[in-house]
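The questions below ask how particular descriptions of a structure are justified. Each answer sets a value against the criterion behind the word and then concludes.

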Amino acid sequence: MRVSLKWKFTWFLAALLLFTIVILSFLVLNGVSHYQQKQMEAMLARQVQTAQTQVTQQYASGTQVSPRTFLHVEGQKLAVEAGATSGMRVILYDADGTLVGDSLPMTGRAEVQDALQAALDNKIAYITEGDSLQYLAPVYGPDGQLGVIQLQTSLTDQHAFYQQLLWLFLSVGAAVLLISFLFGLFYMNRQARAIARLKTETDRIRKGKYSSTPALARQDELGELGQGIFEMSQAIESSIRSQKQFINNISHEFKTPLTSIKAYADLLHMYGDDPAMIRESSEAIQKESSRLYELVETALRLAALETYEFAHQPERVDVHALLEDLCARLNGKANQQGITFHTQLQPASIWADRASMVHILLNLLDNAIKYNTQHGTVTAITRRHGSQVEIIIRDTGIGIPEEAKQRIFEPFYTVHADRARQSGGTGLGLALVHQLVEKQNGQIRIEDGPDGRGTSVMLRFDAYFSDGLLQV
């Protein structure tokens, strides 16, 4: 049988309160009973001491006779006087345990033989029967024990007080339990409703209905959980939207070269005897096939970076030397378009995966050439900035509009689509660069050139340290 969380919490709270009340009542009532007993014993001890004084004075001031004779002669009188003084029934016994005096001789006596024997052995003993207490203690004279005194008192008042206190605890405990149960039910019902709202929200997300506002506005753990579910919903929605956009974009990008390849293949079939058409179609098919292959490779690598953790082999990378080598490798391509390389390379080293750094820098340098102006320049800069190394690739090209800088790292996003298509761009290069930079714990930022012309791409990585010293 399914029991809701609300009732589980409520019954747990009720059980906890009941347990607390029972334990507390037991301890308090037991303490009261123990205190009453101690007070009664102290009072009886004082009464015995008073009777002891009276007996000793009578014995010492009277005719010198044996203790047994004295008690048999004066016992009844002493019992009556002690009873009048204490307000309790007093019974006296001699050293042999024989009754010698009773302040209430007409009243029946309780059986106290065992307690009497203990008192004759110089011990204090008492017997409780119902509301009556029999207290027996030895009585001493100048020469030793004279006999035993028995005090009989009523416990009716103590028992009545104890019962009243017990009833008070039961009634107050029941009231507290009931009120606490109702408050607990109200509070737990509120928490259960909040949890139910969170469950409903997760069910909505599972069905593809995403949240526009947090399900709970509270300043506690449930509120934090609600905020977390809302942020998760937003992230899932954004991820699915990005995936759909990615699929749409990649489908469109795939369709373009495939359409070209199909068109030229049809031309080859139709004009297979035309050498010029064969040559032109072959070159076009080869170009579009290469573009399609590059597109697939880049898309797969980008998707893999977001899904899997590939082997990361960090090592010391001297970025100034690496940039100098890459600029030399691309110098021929730059010269074809009249682009000039400039370098401002301060010695700087970072701890990174060399293959990833090669891909990052090659892509940025290649873009700086592609989107530059005729007879423009590309400047590669490395410099140390505190505990970090800055790498700047700057061009004098067509630049990037301000509104496009926030989207430049999105897959398939191109600022100048026509120019990108002419140069063979896929729109995936910077998205891959961004992923690789993050894998190296670096940062990348797009800025305008120093004079407002062109584009500056700034990279930041932690500098390489060895033995606590910054290595350059």
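Q: Which residues of H2 are buried, and what does a residue need in order to be called buried?
A: In this predicted model, the buried residues of H2 are Phe70, Leu71, Gly75, Leu78, Ala79, Ala82, Gly83 and Ser86. The word is applied because a buried residue has under 20% relative accessible area. As background to such lists, an α-helix has 3.6 residues a turn, so residues three or four places apart point the same way.

Q: How do you know that helix H2 is not straight, given its residues 67-86 and the span between its end C-alpha atoms?
A: A straight helix of 20 residues, at 1.5 Å a residue, would span 28 Å, whereas H2 spans only 23 Å between its end C-alpha atoms. The bend itself can be placed, for H2 has a kink of about 60 degrees centred on Glu74. That angle is a bend in the defined sense because it is taken between axes fitted to the seven residues ending at a residue and the seven starting there. Just after H2, Gly87 takes a positive phi of about 80 degrees.

Q: What makes the phi of Asn122 worth pointing out?
A: The phi of Asn122 is near 65 degrees, which is a positive value in a residue other than glycine. Asn122 belongs to the loop between helix H3 (113-120) and strand E3 (125-129).

Q: Why is Asn122 called partly exposed?
A: The relative accessibility of Asn122 is 46%, and the partly exposed class lies between the buried limit of under 20% and the exposed limit of over 50%. Asn122 therefore counts as partly exposed.

Q: Where is Asn441 found, and why is it called exposed?
A: Asn441 is in the loop between helix H10 (429-439) and strand E11 (443-448), and just after H10 it takes a positive phi of about 60 degrees, again in a residue other than glycine. Its relative accessibility is 64%, and exposed means over 50%, so Asn441 counts as exposed.

Q: Why is H10 described as largely enclosed by the rest of the structure?
A: Of the 11 residues of H10, 8 are buried, so the helix is largely enclosed by the rest of the structure. The buried residues of H10 are Gly429, Leu430, Ala431, Leu432, Val433, Gln435, Leu436 and Val437.

Q: What makes Leu362 of helix H8 partly exposed or buried?
A: Leu362 has a relative accessible area of 24%; since buried requires a value under 20%, Leu362 is placed in the partly exposed class. Leaving out residues up to four places away in sequence, Leu362 touches Leu326, Arg329 and Leu330. Leu362 and Leu326 are 36 residues apart in sequence, and their C-alpha atoms are 6.8 Å apart in space.

Q: Why is Ala368 called buried?
A: Ala368, which is also in helix H8, has a relative accessible area of 2%, and the limit for buried is under 20%, so Ala368 is buried. With residues up to four places away in sequence set aside, Ala368 touches Val378, Ile393 and Asp395. Its C-alpha atom is 7.3 Å from that of Gly397, although the two residues are 29 apart in sequence.

Q: How do you know that Thr455 of strand E12 is buried?
A: Thr455 has 8% relative accessibility against a limit of under 20%, and therefore counts as buried. When its neighbours within four places in sequence are left aside, Thr455 is in contact with Ile393, Arg394, Asp395, Gly399, Ile400, Ile446, Glu447 and Gly449. These are called contacts because heavy atoms lie within 4.5 Å.

Q: What makes a space in the protein a cavity, and which residues line the largest cavity?
A: A space is called a cavity because a 1.4 Å probe fits there but cannot get out. The count comes to 1 cavity of 30 Å³ or more, and the largest cavity has a volume of about 40 Å³. Gln47, Thr50, Ala51, Gln54, Ala82, Thr85, Ser86 and Leu151 line the largest cavity. Helix H1 (5-61) and H2 each supply at least two residues of this lining, with the largest share, 4 residues, coming from H1.

Terms used
Residues numbered from 1 in each chain as written. Predicted model: local features only at pLDDT ≥ 70, side-chain atom pairs only at ≥ 80, totals over all residues. Heavy atoms only, no water. Expected span 1.5 Å × (residues − 1). Buried < 20%, exposed > 50% of the residue type's maximum accessible area, 1.4 Å probe, protein only. 1 Å grid on protein atoms, 1.4 Å probe; cavity = no way out; pocket = protein on both sides within 12 Å on 5 of 7 lines; lining within 4 Å. Points joined across faces, edges and corners; volume = space filled by probe spheres on them.
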